[in-house]
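Reader: I am new to this structure and would like to be led through it slowly. Could you show it to me before we begin?

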Amino acid sequence: LFKSEKITDDRFRAVSYSPDGHWLLGDADWQRGIVKLIDAQSGKTTHDFAVSEYNGFLYSLSISFSTDSRYFVTNFWTKANYGLKIFDVQSGSLFRTIVSSSKIYSVAFSPDNRQVAGGSSQLAAIWDTQTGKLLHPLVGHTATVNGITYSPDGRLLVTGSVDKTVK
């Protein structure tokens, strides 16, 4: 059982635990577009990632670590655009921005970390992590895709939607 204590005054909408057990992530300040990296042992914030590059807002509903805990991906919405951002955990630097044609609600890394997937309004999509290139738009839902995950072997992508289906 994880100890319950207040480690920050921020309100979180999305959190993620790193696979190596060292880090927690939380979208702590959506109005300024900040994601906090928190040391899982001490509870101390070690880095604030500026996800939103505009003076808009971040509406982060999903954060996911890569399986090697080196990167994380989060969705972002600003007044100007929306998509995914991938950050390097150790350096704190932005690794890749992927602009999407629609708002992203859910994100996931593939088990081999070569792809990221995102769920949006009525579809899901898979992008190449290194290039940011759209690899596969996946249609079939009739409402927002709020959940997305890969199978452990990476061969399947599962989506859950407000349309009451899992595909």
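The questions and answers below go from the fold to the core and then to single side-chain pairs.

Author: This is a predicted model, in which local features need pLDDT of at least 70 and side-chain atom pairs count only at pLDDT 80 or more, while totals for chains, interfaces and linings use all residues. Residues are numbered from 1 along each chain as its sequence is written, and side-chain values use heavy atoms, with hydrogens and water left out.

Reader: How many helices and strands does the protein chain have?

Author: Helices (H or I, at least four residues) and strands (E, at least two) are taken as DSSP runs, numbered from the N terminus. From that terminus on, the elements run β-β-β-β-β-β-β-β-β-β-β-β. The secondary structure thus comes to zero helices and 12 strands.

Reader: Which residues touch the most other members of the largest nonpolar core?

Author: A nonpolar core is a set of buried Ala, Val, Leu, Ile, Met, Phe, Trp, Tyr and Cys residues joined through side-chain atoms within 4.5 Å, where buried means under 20% relative accessible area, exposed over 50% and partly exposed in between, with a 1.4 Å probe and protein chains only. Of the 13 residues in the largest core, those that touch the most other members are L25, V35, L37, F65 and F72.

Reader: Which elements give two or more residues to this core?

Author: The elements that do so are the strands β2 (23–29), β3 (34–39), β5 (63–65) and β6 (71–77). Apart from this core lies another, of 11 residues, among them V73, L84, I98 and F109. The contributors to the largest core, to name them again, are β2, β3, β5 and β6.

Reader: Which side chains meet in a salt bridge, and what distance separates them, N to O?

Author: A salt bridge is a side-chain nitrogen of Lys or Arg within 4 Å of a carboxyl oxygen of Asp or Glu, and a search of the whole structure finds one. It links K36 in strand β3 with D48 in strand β4, 12 residues apart. K36 counts as buried at 12% relative accessibility, whereas D48 is partly exposed at 38%. The side chains that meet are those of K36 and D48, N to O at 3.1 Å.

Reader: Is the aromatic pair of F72 and F87 stacked or edge-to-face?

Author: Rings of Phe, Tyr and Trp (its six-membered ring) pair if their centres lie within 6.5 Å, and planes under 30 degrees apart count as stacked, over 60 as edge-to-face and the rest as tilted. F72 is buried at 0% relative accessibility, and F87 is buried at 3%. With 5.2 Å centre to centre and 15° between the planes, the pair of F72 and F87 is stacked.
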